[in-house]
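Here are my notes from going through this one, in numbered points. Have the viewer open while you read.

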Amino acid sequence: MSNSGKVWDTREAYKLARANSWPGKGDVGLNQGGTDPAGVNTVDQYNISINSTAVDFGDLTLARWISAGFGNKVNSVCAGGNTPTSTVTMDTGIFASKGNYTDFGDMTSNVSELRGAASNVRGIMAGGYTAPTSIDTIQKITVSTKGNASDFGNLTQDRWGPTSTISSSGRVLTAGGYKSPGFKNTIDFYQIEHEGNAVDFGDLTTSRNNFSSMNSSTRGAFGGGSTPSATNVIDYVTFASTGNATDFGDLTVANNYGGSLSNTTRGIISGYIDSSRSGNSDFITIATTGNAGSFGNLSVARGEISCASNGHGGLSDEVQRPSVNYMPGSGRGLVQGVGTPYNANVNFIDIPTLGNSVDFGDLTQARTYSAGVSSVTRAVAGGGSSPGLDNRIDAVEMASRGNYFDFGNLSVTRSRAAGFGSTTRGCFAGGDTPSKSNVIDYVTIASAGDATDFGDLTEARTDKPGGLSSPTRGVVGGGATASDNDADVMDYVTISSTGNAIDFGNLSVGRAYLNGIASSTRGVFSSGLSTPSSPYGGAVIDYITIASTGNATDFGDPTQNRYGPAGMSNSTRGVFAGGRLAPNNYDVIDYITIASTGNAADFGDLSNTGECLNGVSDSHGGLQS
């Protein structure tokens, strides 16, 4: 069936992409609505790569201004705005087909002075003004499917006139805005695939609202705005990091209320208000820094427009398809909370290969001493210190390469616990409340929610005991007990049941701040803090047969004497990353072959040094048949 005049069906989009017949090359930019000074329904079109005057595209369903505009490779959306009162409606157009827009659906409430961003699949609208106040709401839609918006989460504070931009990994930044009594420089971030609240990213160089944003796949740039007077400031951030914006250059004129377009290399600010509504547009090259240049003119001079483009940096591919680079269970390992003293960064390694780690995304909250559990498809981090004790649980899809989302809360707030699990269930054991804890609680990894009581350890302990598992049994080793700061105790549970732990045996060397990895049959504990050793490192690896009980046997030595590394494994290889030996933290990653014995070998380096980390993988012993 022809899609002429309709929103593209996802299945049809897949077919076109596979046939190399995908419409458009990512250079179409649409300027939607605005004021001249009365409201207009005009839509005109730029070719983003060519400096020129815009040409007529079609009309919105109604005149609107200061609305949210965004698009994927096929569809554009114009949402909310003033008509002249704020409206709940959304319109949609098709980049490849000039013509009038059609009704898309309704937002959750009437909103104006908001901005939007989109990935290949999802669009979001953040902040804005709903009389008589600003709001902190983030709403979501599926860009290629008409329908009403639904709730996504909340910004860190309510404000009107912010701007939003997105990276190729799906990280959205919402920046600036106004909340009485002043203009804001706040930059929030969140992951577009995962509903949840935004967290702090950093600050703009200048507090302002009603400004423009442009993006490549890796960098976001912000231009103009009200301070309350119009400004010519352009500043930028790098999506993958967090931190404050940096000066980029200046616009050709101070302006505000502008719309913005971009492909992966060039950004355009148009439809702004300067000394008049002249209809002029500026452009920048996003990868460089420097002052803006003149681009061209709108077909109808006006301000307060919204814009959408089909080639911005948030569209990482022609159409979203299942990844050919990642298969669940192939050996993806994540090191959660890399950096000191408290960090949200998560590193990714490929366990079957050797090499340095790379950035994966961020936890919802910078913290250390959390515990990790994982299934074949999802990684989970529970508890920790930030610096106070934290009961949050957050999670991410292993395939996503992005930021974590809120999952729920532990049954008892604590840090320095052990983590282990099976294909369906993840368990957190022991920890610091701040007194030593014997609590074991669990989550069903596939279903977000709070943890449930499982039972008790044989002895309360903290200071990061090691956790590991087979498909049926979880084992917790070491830690600090009431009678011993470097305990050698090991106990076990049957993961699919609930109940108290049972004595398993003893480690070959008592120690705290160790880690565990496993195949389906053998568990290995590496490194740790052992007071009799000097200077307080645990240069030991020992192992157990998980299905039996008994004392651990010496395996070999790590490449570096240290405590608090992260452990990850697949069916054959165990990997240990980071750690500390006072006064230094290390970026060391080393590995062993689980079925053998012997000393660890060099694997590569973490992107940053770190201690008391936790590691998870999509192929550890608890996930193997």
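**Notes on the model**

1. Let's start with R416. At 19% relative accessibility, R416 counts as buried, because the cut-off for buried is under 20%. R416 sits in the loop between β35 and β36 (418-421). Its backbone deserves a look too: phi of R416 is positive, about 60°, although the residue is not a glycine. Keep in mind that this is a predicted model.

2. N210 belongs in the same conversation. Here too phi is positive, about 50°, and N210 is not a glycine either. You'll find N210 in the loop between β19 (199-203) and β20 (212-215). With a relative accessible area of 3%, N210 is buried.

3. Next, the cis peptides. One joins T83 and P84, with omega at about 15°, and P84 falls in the loop between β5 and β6 (87-94). Another runs from S386 to P387, where omega is near -5°. P387 is placed in the loop between β33 and β34.

4. That second loop leads into a sheet. What is the strand order of this open sheet? Its four strands go β32-β33-β34-β35, with antiparallel pairing. β32 (371-374) and β35 (405-409) are the edge strands, each pairing on one side only. On average, neighbouring strands here are turned by 25° against each other, direction ignored.

5. Zooming in on one edge of the sheet, β34 and β35 run antiparallel and are joined by four bridges. For a concrete landmark, look for R392, which stands opposite N409 in β35. The side chain of R392 also meets that of D390 in a salt bridge, at 3.0 Å from N to O. Are these two partners buried or exposed? R392 is partly exposed at 26% relative accessibility, while D390 is buried at 5%.

6. Salt bridges elsewhere: the total comes to 18. One that I'd pull up is D394 with R367, where the closest N and O atoms are 2.8 Å apart. D394 is in strand β34 (residues 392-397) and R367 is in strand β31 (residues 358-367), so this pair ties together parts that are 27 residues apart in sequence. Both D394 and R367 are buried.

7. β34 supplies another partner, E397. E397 forms a salt bridge with R378, and here the closest N and O atoms are 2.7 Å apart. Since R378 belongs to strand β33 (residues 378-382) and E397 to strand β34, the pair ties together parts that are 19 residues apart in sequence. The burial labels split: R378 is buried, with a relative accessible area of 14%, whereas E397 is partly exposed at 23%. If you want the cut-offs behind that, buried means under 20% and exposed means over 50%, with partly exposed in between.

8. There is also a salt-bridge network to check. R122, K140 and E195 are joined into one network by salt bridges that share partners. Worth having all of these side chains displayed together.

9. Now for the nonpolar core. The largest one has 15 residues, and those touching the most other members are F70, V77, A79, M90, M107, M125 and I141. Which elements give two or more residues to this core? They are β4 (68-71), β5 (75-79) and β7 (97-111). β7 provides the largest share, three residues.

10. I141 is a handy residue to centre the view on. Leaving aside residues up to four places away in sequence, I141 touches F70, V77, M90, F104, V121, R122, G123, M125 and A149. R122 in that list also turns up in the salt-bridge network with K140 and E195.

11. Last one: S180. S180 is found in the loop between β16 (178-179) and β17 (182-183). At 59% relative accessibility, S180 counts as exposed. Its C-alpha atom and that of S134 are separated by 8.8 Å, with the two positions 46 residues apart along the chain counted as their spacing.

Conventions. Residues are numbered from 1 along each chain as its sequence is written. This is a predicted model: local features need pLDDT of at least 70, side-chain atom pairs count only at pLDDT 80 or more; totals for chains, interfaces and linings use all residues. Side-chain values use heavy atoms; hydrogens and water are left out. A nonpolar core is a set of buried Ala, Val, Leu, Ile, Met, Phe, Trp, Tyr and Cys residues joined through side-chain atoms within 4.5 Å. Buried means under 20% relative accessible area, exposed over 50%, partly exposed in between (1.4 Å probe, protein chains only). Contact means heavy atoms within 4.5 Å. A salt bridge is a side-chain nitrogen of Lys or Arg within 4 Å of a carboxyl oxygen of Asp or Glu. Two strands pair if DSSP finds at least two bridges between them. Axes are lines fitted to C-alpha atoms, for helices over the stretch in contact, and angles run from 0 to 180 degrees between N-to-C directions.
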